[in-house]
Amino acid sequence: MKSKKLNDNGHLLSSDDLREKIHAANVELHRFEAKYYTLVHPEVYNPYEQKRIISTLKMIDNLMADVTPVKKALDFGAGTGNLTGKLLKMGYVVTAVDISAEMCSLLETTYKSYVNSKQLTVISSPIEDVNFDEGEFDLITCYSVLHHLPDYLGAIQKLSVFLKQGGVLYLDHEASPSYWNNEPRLLPHLLKHLYFHSNPILNTLYFQLVGISVPSLDYTMSDYWHKKDHHIDHEQIEHLFEKENFDSFTRKDYHLKGTWFPNPIFYLYKSMCKPEMSSWIAKK
Ligand SMILES: C[S@@+](CC[C@H](N)C(=O)[O-])C[C@H]1O[C@@H](n2cnc3c(N)ncnc32)[C@H](O)[C@@H]1O
């Protein structure tokens with residue numbers, strides 16, 4: 001029997017309906033967002049976050065020093081190439097998969113020379129429809145993607161099969177468990193609110209100053225698991241690593257800068273509030 005969930009209007013939704021709705025919302029959102037992607041995601045493209053991603057990838061690369069001379073990576077939900085580009089520059093042979101044809105097309109254009117030299121293959125497909133050999137990849141990366149998937153646990157399970165023994169699965173940019181909880185102490189509670197409310201104001205100001213009008217986008221269905229009442233379950237992810245016999249895994253929580261302009265509250269927020277983001281590095 002198919003599982004049923006309630007939709008936002010309280011109606012029953014089968015898992016197939018939900019899957020279709022989430023996929024369709026992602027295709028639609030990213031069709032539109034592709035050309036603005038870097039600009040509307042300062043939380044990803046600000047120099048502080050970019051530095052953190054690069055140093056994490058280098059640390060992971062060191063973890064796999066003894067795997068193979070030519071390392072193969074799968075960047076799942078690659079978007080316009082945030083991680084793909086860094087992996088290519090590190091010498092990885094990369095397969096980038098994304099459900100959005102527009103994101104894939106931008107990715108191919110940006111990294112055309114790598115496509116021509118066959119260091120990069122771009123596949124426009126949802127995770128459910130791709131298949132690779134067992135143990136094909138040394139590294140699988142998935143940055144800001146899990147909360148977009150109808151069945152993120154099923155996806156992790158599927159990706160684990162494509163990972164070589166000794167290889168690494170790197171998941172990042174998902175809300176931490178404390179993101180959804182109130183800070184118990186008054187001052188951190190107020191600071192958290194102030195920080196999250198001031199970020200969009202600063203970003204709007206930035207767009208006005210650079211003279212760009214960014215339409216407001218609806219993330220309700222596309223970011224399905226980024227909701228207080230249905231969010232990513234950290235415990236289930238970690239159980240899955242155990243079930244799939246990963247040799248080791250660690251979760252790191254961190255604070256995210258969310259603006260192009262520096263937000264003066266950031267360092268105070270960072271020193272007093274629990275981190276709002278999570279990443280995992282799981283070695284098979
Ligand atoms: C927030 S973006 C992250 C992109 C990129 N990883 C980055 O770091 O900028 C999420 C990406 O996941 C893709 N995506 C969403 N659902 C997907 C699915 N079922 N299969 C493959 N890609 C998917 C979207 O098209 C989008 O490019």
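**Helix α8, the nonpolar core and the ligand shell**

Reader: In this predicted model, which residues of helix α8 (residues 152–162) are buried, and on how many sides of α8 do they lie?

Author: Within helix α8, the buried residues are Tyr-152, Ala-155, Ile-156, Leu-159 and Phe-162. Because they cover an arc of only 110° around the axis, they are placed together. This follows a general rule, since an α-helix has 3.6 residues a turn, so residues three or four places apart point the same way. The buried residues of α8 therefore lie on the same side.

Reader: Which residues, leaving aside neighbours within four places in sequence, is Leu-159 in contact with?

Author: The cover over the buried residues of α8 includes β3 (72–76), β6 (137–143), β7 (163–175) and α10 (234–243). Leu-159 is one of the residues that touch the most other members of the largest nonpolar core, which has 49 residues. With its neighbours within four places in sequence left aside, Leu-159 is in contact with Phe-76, Ile-140 and Leu-169.

Reader: Which element gives the most residues to this core?

Author: Among the core residues that touch the most other members are Phe-76, Leu-107, Leu-139 and Leu-169. The element that gives the most to this core, with 6 residues, is β7.

Reader: Which element gives the most to the shell around the ligand?

Author: The ligand is surrounded by 21 residues, of which the closest are Gly-77, Gly-79, Asn-82, Ile-99 and Ser-100. Two or more residues each come from α1 (15–33), α5 (82–89) and β4 (93–98). By type, the shell holds 11 nonpolar, 9 polar and 1 charged residue. The element that gives the most, with 3 residues, is α1.

Conventions
Residues numbered from 1 in each chain as written. Predicted model: local features only at pLDDT ≥ 70, side-chain atom pairs only at ≥ 80, totals over all residues. Buried ≥ 20, exposed ≤ 12 C-beta atoms within 10 Å, placed from the backbone. Helix = DSSP H or I, 4+ residues; strand = E, 2+ residues; numbered from the N terminus. Arc of directions from axis to C-beta. Contact = placed C-beta atoms within 7 Å. Near = placed C-beta within 6 Å. Nonpolar A, V, L, I, M, F, W, Y, C, P; charged D, E, K, R; others polar. Core = buried A, V, L, I, M, F, W, Y, C linked by C-beta atoms within 7 Å.
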